[in-house]
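Biologist: I am new to this one. Could you show it to me and take my questions?

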Amino acid sequence: MLEAAGSALEVIFTWPNILIPLLGTFVGLLVGILPGLGAAAGIALLIPLTYSWAPQQAFLLLASAIGGTSFSGSITAILINTPGENANAATLIDGYPMAKQGRASVALSLSAFASAAGALFGLLVLVAVLPVGRELILRFSYPETFMVAVMGLFIIALVSSGSLLKGLIAGGLGFVLALVGRDLLTGELRFTFGSLFLTDGIDFIAVLIGLFAVSEAMMLLIDPEPNLETEKLSRRQHWSQIGQGARLTFRNPRLLLQSSTIGTIAGIIPGVGGSVSSFMAYATAKSSLPDTQTFGSGDPRGVIAAEAANDAKDGGALIPTLAFGLPGSAVWAVVLGAFLIHGIAPGREMLTTDLDIVFVIIFGLIISNVLTSAIGLAASPFLAPVAKLPGTYVAPVIFAISLVGAYTTAGQRGDILIALIAGVSGYILKKNGFSLIPIVLALFLGPVVENSLGQLMLTLGPIALVTRPISLAILILGLLLFAVPLLRSRRERRRAAEARREQEEVER
Amino acid sequence: MTRESGAGRPVGGRGTAHSARRPRAGVVATDLFLIVVMLVLLVLALDLSSGTARRFPLLAITVTLALLALDLSSELVPALRRRMAVLDRGLIEVREDVAETAKEASERGRTDESHDAPRAFKDWVVLAWVTALGAGMYAVGYLIAVPVFVAAFSIFARVPLKVWASTTVAIMLLNYFVLYQVFNLR
């Protein structure tokens, strides 16, 4: 193993290979910042460039590009409420309010440090788990996938800020949207209204862009609000905010560890975990930490939880990809394609004869994560003022980038219309107190819940949900996540009522 | 007061006055509209031929309908509204704190001169502009429609010449070199 690691380092630190992580990180940053151009699409576009390259060089480029996308997607989430990637949607819950309060540099710094720490944690776990990864992954089947998706439902209730009822309604709307298109089990078309475009369902990214970016730009123009802290910050104050972000990140080691662990474990679950990992970590933080009333209004801990998990998931997602050829997320599915193009088979061979490539990928991810965070921090004094620009400056740019981003996803003009409808609906829902995050979560989880439930009924039967230990453990964890905050708020209310009564008695 | 990302601030952001207010027309209209949409989808779902394809839609739509009905009732029935407000109290208190901070900040005169009175547009005006951008992208493609939109809207919104000209050029370059040339988006 050490020999393979040494060989990988040798490959990376030779000329001109040393430039490859820089190129990959730059591409990753660009892909992450442009909403709609997801990591998977960006990586897919890079693959043709690597046809004639040695496999080590090719995977160094792809890994560093993947590492670059995770953090950069949070830059736009924090500054303009537009997540570069769907996983960054959890970052904006607290990151964007922080930016509006004049703490954009703190939020960017939190995001940079938490994502670098999360990525390192995930990759360390990967190195430790690789020898036993096979055993772990073999235990995951339909019941576990279904349970993870159901846990996502509990998360909907937790992350829906504002009215719990409206959060659940928003989740229901997301599920209904997810039903559009061909039913994967029976092939029957549902709610397509005869449109060929809707046969494959509603594009997730187009909806995401519409709900967050287009609706926010509309809000900026229709309902502008003054910034809380609009004093111009000097360069020194920016750096002081960055230092503050770093201190806040490392002053919460438990949260960092907890979120990175959740991200890594969620990343391992093929197909589901990657996209919900940041929401899972956010919800767990919200239910396990003290004084979480500020979550959703610019609490730094919300940014740390979401970002640490988001970057830690890559280490986790690599385990099933390398060990079985089961991609942990869409982007790793694209990398799997690149493995085949370069004649590499995931599985035993990958973990024995091609172990040097595994380490090239790991080091590529580490380098790009550190590089992206450093670039993000260095650029934050220039980026942070974006959050304070007047709506009339920013909104047309957001509209333009969003609609082009929606079109970029699949090159279908219909997605422009989807983004527009989602944007207007998002604006109306927001105005009326509905949370938008549950729509996105449910839209993603809907097909997973339906398909895993269908497969479960056909194969193992519903009893498997409680007889399989991992599935049962996930169920208990989900229930705890849901119950703990409710019990806590009940206890706090009781205490407050008692305190009020005592106060009244004293006054009498 | 900050706008909550992803989640809406309650209409008017009036905090604990929520339970005492009259029904909010926007919320009632939204709930009614969504109920009608769900009913239409329910009818369509009942028409699906396969029981397997029908099961999940029926479940999701029925639950959403029930939740919408509860939300509508809580908006129309004062007693129910007060009960629901208890559930939301924690967040409303936080919002009030944030609103208070905003008030204090403005009282201290810490507002930047350029942001004193942000310009507000009517919703239909914004909607018309965005629709025009979408239609333009359909008709002439993004390479032409996007810069034209950015320039036209900025002029309409009275954005300073230097700002809109540089933004338009930057968007044009990004679209042409990155999306059109590098990523081959046609």
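The questions below go through the core, a helix and some aromatic rings.

Biologist: Is this model predicted or experimental, and which helix gives the most to the largest nonpolar core?

Modeller: The model is predicted. Its largest nonpolar core has 188 residues. F59(A), W332(A), F339(A), I361(A), F399(A), M137(B) and V146(B) touch the most other members. The helix that gives the most, with 16 residues, is α10 (residues 204-222) of chain A.

Biologist: Which residues of chain B does F399(A) touch, leaving out residues up to four places away in sequence?

Modeller: Within chain A, F399(A) touches V214(A), A217(A), M218(A) and L221(A). On the chain B side, the contacts are V126(B), V130(B), L133(B) and F149(B).

Biologist: What span should helix α9 of chain A have?

Modeller: This helix covers residues 164-178, which is 15 residues. The rise is 1.5 Å a residue, and the expected span uses one less than the number of residues. The end C-alpha atoms lie 21 Å apart, in agreement with the expected 21 Å.

Biologist: Is α9(A) largely enclosed or largely open?

Modeller: Buried means under 20% relative accessible area. Among the buried residues are L165(A), K166(A), I169(A) and F175(A). In total 12 of the 15 residues are buried, so α9(A) is largely enclosed by the rest of the structure.

Biologist: Over the face of which residue does K166(A) lie?

Modeller: K166(A) is one of the buried residues of α9(A). Its distance from the ring centre is 5.4 Å. The ring belongs to F434(A).

Biologist: How many aromatic pairs does the structure hold, and what is the angle between the planes of Y282(A) and F295(A)?

Modeller: Over all chains there are 16 aromatic pairs. Y282(A) and F295(A) form a tilted one, 5.4 Å centre to centre. Y282(A) is in helix α13 and F295(A) in the loop between α13 and α14, 13 residues apart. The angle between their planes is 55°.

Biologist: Is F156(B) buried or partly exposed?

Modeller: F156(B) pairs with F153(B), tilted, at 6.1 Å centre to centre and 50° between the planes. They are 3 residues apart in helix α5 of chain B, so about one helical turn separates them. F153(B) is buried, with a relative accessible area of 1%. At 35%, F156(B) is partly exposed.

Biologist: Which residue of chain A is in the aromatic cluster with F153(B) and F156(B)?

Modeller: The cluster also includes F121(B), W129(B) and F149(B). F149(B) is among the contacts of the chain A member. That member is F399(A).

Definitions and conventions
Residues numbered from 1 in each chain as written. Chains lettered and ligands numbered in written order. Predicted model: local features only at pLDDT ≥ 70, side-chain atom pairs only at ≥ 80, totals over all residues. Heavy atoms only, no water. Core = buried A, V, L, I, M, F, W, Y, C linked by side-chain atoms within 4.5 Å. Buried < 20%, exposed > 50% of the residue type's maximum accessible area, 1.4 Å probe, protein only. Helix = DSSP H or I, 4+ residues; strand = E, 2+ residues; numbered from the N terminus. Contact = heavy atoms within 4.5 Å. Phe/Tyr/Trp six-rings, centres within 6.5 Å; stacked < 30°, edge-to-face > 60°. Lys NZ or Arg CZ within 6 Å of the ring centre and 35° of its normal.
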